[in-house]
Amino acid sequence: MPVSKTAVILRRFIITCVVSVLLLGLGACSKEEQSVALIADSHREITAHSGFAQALVVLANDWRVDYVRNSTTGEMLLDSSGKEMSLMTPGTSEVAGGWIGVRKTENSDSLSIWMKENFSKTPLSITIGLYANGQTDQIHITQYRGKSYKLVKKIVEEVEGSKKFIESTEGCIPITITNPSPDEKFLSISNIFKDVEGTSTFESADYGAFDWIDNEQQVLMMMQLMKDEAVVWHAPVPYAEGTTTTPYITEQGAESSHMLAVRPFGSVDLEGRMTYGERICRYEFTIQNEDTGYVFDVTGYWTQRVPLVSHTIIKRVY
């Protein structure tokens with residue numbers, strides 16, 4: 001019995017409806033799979049105002065860290081070996097200097113993230129990409145600079161064998177002084193030492209060793225310099241990266257202390273030498289973010305060359 005045209009149309013309509021329902025179902029399943037989170041919603045956005053360390057539960061058995069990138073520039077962060085940061089198996093990956101790192105635990109149930117302080121005035125934005133079973137998820141971190149930092153612990157020790165005392169003509173200028181008066185006069189000879197300087201150099205390879213100090217803050221270092229069990233120098237020195245210099249004349253008030261009696265209408269040719277104290281100290285700081293209480297340590301070396309005693313040499317009197 002031939003099938004009527006109406007029956008054919010009805011059959012095609014039913015088949016189309018069934019296929020549409022199946023496709024919608026598959027699409028819903030696919031959409032549902034993609035929406036499964038690998039990390040809890042409360043951990044997907046992290047905001048910090050200091051350094052931190054945090055362990056997050058990963059909601060998958062077989063997962064990996066695909067990348068760690070700067071969200072602002074899109075630049076992938078590189079680990080200490082120069083490769084893009086990632087974790088396929090349990091272990092650790094961190095940037096050179098260790099200011100950010102990630103760790104996958106041995107049983108693979110959690111991801112540990114740590115970041116040291118962000119000392120820039122510009123917020124730091126980081127994205128960590130996770131992958132598991134065809135699904136991806138992301139952790140977004142925004143880190144701000146702390147409002148203030150303070151030095152809560154300071155240890156300074158001389159490096160054994162580094163201290164020495166030397167004489168040098170460095171910075172000493174030969175001069176001639178003349179008394180045009182008919183009377184004996186005391187004349188200043190401080191110009192011999194006007195170019196003599198003390199130097200102080202702070203060096204550290206630690207992350208943020210100097211960046212925690214803001215423009216309105218000054219940290220002073222004080223460490224007595226001893227010779228034969230006597231203090232020969234003790235003055236505050238500003239803690240700053242690199243080398244700072246201090247003029248000897250200003251520091252010692254030498255304008256008034258360096259005088260020589262010169263006979264009437266006489267002249268004197270003079271030279272000078274300086275006794276310096278030199279040493280290297282190792283320092284260790286513990287610094288605290290005053291808002292959050294987060295602490296970090298900084299170590300480094302402080303090298304000094306301190307002018308201690310001036311020596312005036314009379315070459316000729318005429």
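Visitor: What is the strand order in the open sheet that includes S1, and how is the pairing described?

Guide: Strands here are DSSP runs of E, at least two residues long, numbered from the N terminus. Two of them pair if DSSP finds at least two bridges between them. In this predicted model, the order is S1-S8-S7-S3, with mixed pairing across the four strands. S1 (45-48) and S3 (64-70) are the edge strands, each pairing on one side only. By the way, this being a prediction, local features need pLDDT of at least 70 and side-chain atom pairs pLDDT 80 or more, while totals for chains, interfaces and linings use all residues. Residues are numbered from 1 along each chain as its sequence is written, and side-chain values use heavy atoms, leaving out hydrogens and water.

Visitor: How many bridges join S3 to S7?

Guide: Six, and the two strands run antiparallel, with S7 covering residues 124-132. Val65 sits opposite Leu130 of S7.

Visitor: Where is Lys104, and is that residue buried or exposed?

Guide: Buried means under 20% relative accessible area, exposed over 50%, partly exposed in between (1.4 Å probe, protein chains only). Lys104 belongs to strand S5 (residues 100-104) and is buried.

Visitor: Which side chain of opposite charge is nearest to Lys104?

Guide: A salt bridge puts a side-chain nitrogen of Lys or Arg within 4 Å of a carboxyl oxygen of Asp or Glu. Lys104 has none; Asp62, the nearest candidate, is 5.1 Å away. A polar atom of the Lys104 side chain does lie 3.3 Å from the backbone oxygen of Met88.

Visitor: And which sheet holds S5?

Guide: The open, antiparallel one ordered S2-S6-S5-S4. Five bridges link S5 to S6 (residues 110-115), and Arg103 has Ser112 as its bridge partner in S6.

How values were computed
Lys, Arg positive; Asp, Glu negative; His and termini not counted. Polar contact = N/O pair within 3.5 Å; in protein donor to acceptor, adjacent residues only side chain to side chain.
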